[in-house]
Structure formats: structure tokens, C-alpha cells
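Open the structure in your viewer and keep the selection box handy. We will go from stop to stop, and at each one you will get something to select.

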Amino acid sequence: LDIEGWNWISYQDPTGFQGYRLFDCWGRDPDSGKPSGHTIITHFRMPVWQMWYGGGSYNKDSLPLLKRALMTNYRDSVFCGGRGPEKFETGAGLYINNFSGTFAEFRGEEYIKEIGTGNRLGSHMYRGGSLLYLPKS
């Protein structure tokens, strides 16, 4: 995942889930200039799950709140579209995540607003799911 001008991290759980690896990459969309990102899970190098986020932008001052909201769900192993919890508040900001779907297929929108004024400090849309064929039962 070498995309010029983008950042990325790779994670493989050392305690289990043999063959699985998570890649998270983010940067600026070359067409819109807005931030965008992708999270991809592979199994023995074959992509099996993906999530895209973008379509909006965040005020630089709201990024610490966004990171804390995302880490809350990662730390607690809670899945809400691969993003943060439904609501997360710290200081003067409130993170909201409107998520629908399951791990297999989902979509949503997240945003941060200023407490008191209600002004939006940024937002992203996201969508994704399994890349494996799952027959209907």
C-alpha cells in the first residue's frame, strides 16, 4: 500500500488470528483535496474486508477529539462501522456517529460539533463491508 503522499500503518495481532493483517491508509483525495482513507483487512494477503471514509473534512483543532473517539471503540473492541462510538464528549466538543448495518455491510456518517454553539467542526461519510461472497440463508 504505497500511495504517494499518504500515511499508512499495518497491524497483525500476535496472539491469534493467524494470517490476518489490517492496513489503514489516509491522505488527501487527489481530485477533491479533502481527507480520505481506507481500512483493509487481508487474510494471507487476500483482501477480505474494507472500509472507506471521506467526503468531508475536520477542523485541525477537532482532530484530538476524533482520535480519542476512534480509540475508544478500538480499545473496547466495539464495531460501529470501523469508526467511533455513537456519542463521545470531551471538553467543548461532541463526536456523533450515525452508523447502520453489520460488519458484513455498513454505512454511516460521523461528525464533531462544538458544544454550546452547535457549529460543526468536521465530518466524514463512510461505508464498507465484507469482500467475501456470503450466500443468503
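In which loop is Gly91 found? Select Gly91 and you land in the loop between β5 and β6 (93-102); helices (H or I, at least four residues) and strands (E, at least two) are DSSP runs, numbered from the N terminus. Gly91 is exposed, with a relative accessible area of 73% (buried means under 20%, exposed over 50%, partly exposed in between, with a 1.4 Å probe and protein chains only). Now add Leu65: its C-alpha atom is separated from that of Gly91 by 9.0 Å, with the two positions 26 residues apart along the chain.

Before moving on, a word on what is on screen. This is a predicted model, where local features need pLDDT of at least 70 and side-chain atom pairs count only at pLDDT 80 or more, while totals for chains, interfaces and linings use all residues. Residues are numbered from 1 along each chain as its sequence is written, and side-chain values use heavy atoms, leaving out hydrogens and water.

Colour by pLDDT next (the predictor's confidence in each residue, from 0 to 100). The protein chain averages 88, and 95% of the residues score at least 70. Among its elements, β1 has the lowest mean, 87, and strand β7 (residues 105-114) the highest, 96.

**The largest pocket**

Select Leu22, Asp24, Thr39, Tyr74 and Gly82. About 1600 Å³ of space lies in the largest pocket, and of the 41 residues that line it, these five are the closest to its centre. β1 (7-11), β2 (20-28), β3 (35-43), β4 (46-54), α1 (63-76) and β8 (120-130) each give two or more residues to this lining.

The terms work like this: on a 1 Å grid over the protein atoms alone, a cavity is a set of points where a 1.4 Å probe fits but cannot get out, while a pocket is an open set with protein on both sides within 12 Å along at least five of seven lines; lining residues have an atom within 4 Å of a point. Grid points are joined across faces, edges and corners, and the volume is the space filled by probe spheres set on the points.

**Aromatic stops**

A search of the whole structure finds nine aromatic pairs (ring centres of Phe, Tyr and Trp, the last by its six-membered ring, within 6.5 Å; planes under 30 degrees apart are stacked, over 60 edge-to-face, the rest tilted). Show Trp8 and Phe23: their ring centres are 6.2 Å apart and their planes at 45°, so the pair is tilted. Trp8 is partly exposed at 43% relative accessibility, whereas Phe23, at 18%, is buried.

Move to Trp49 and Phe79, with ring centres 6.2 Å apart and planes at 75°, so this pair is edge-to-face. Trp49 lies in strand β4 and Phe79 in the loop between α1 and β5 (87-90), so the pair ties together parts 30 residues apart in sequence. Add Phe99, Phe103, Phe106 and Tyr126 to see the cluster that ring pairs link with Trp49 and Phe79.

For charges over rings, select Arg83 with Tyr53: the charged end of Arg83 sits over the ring, 4.2 Å from its centre (NZ of Lys or CZ of Arg within 6 Å of the ring centre and within 35 degrees of the ring normal). Arg120 does likewise over Tyr111, 3.8 Å from the ring centre.

**Last selection**

Finish at Phe44, in the loop between β3 and β4. Its phi is near 50°, a positive value in a residue other than glycine.
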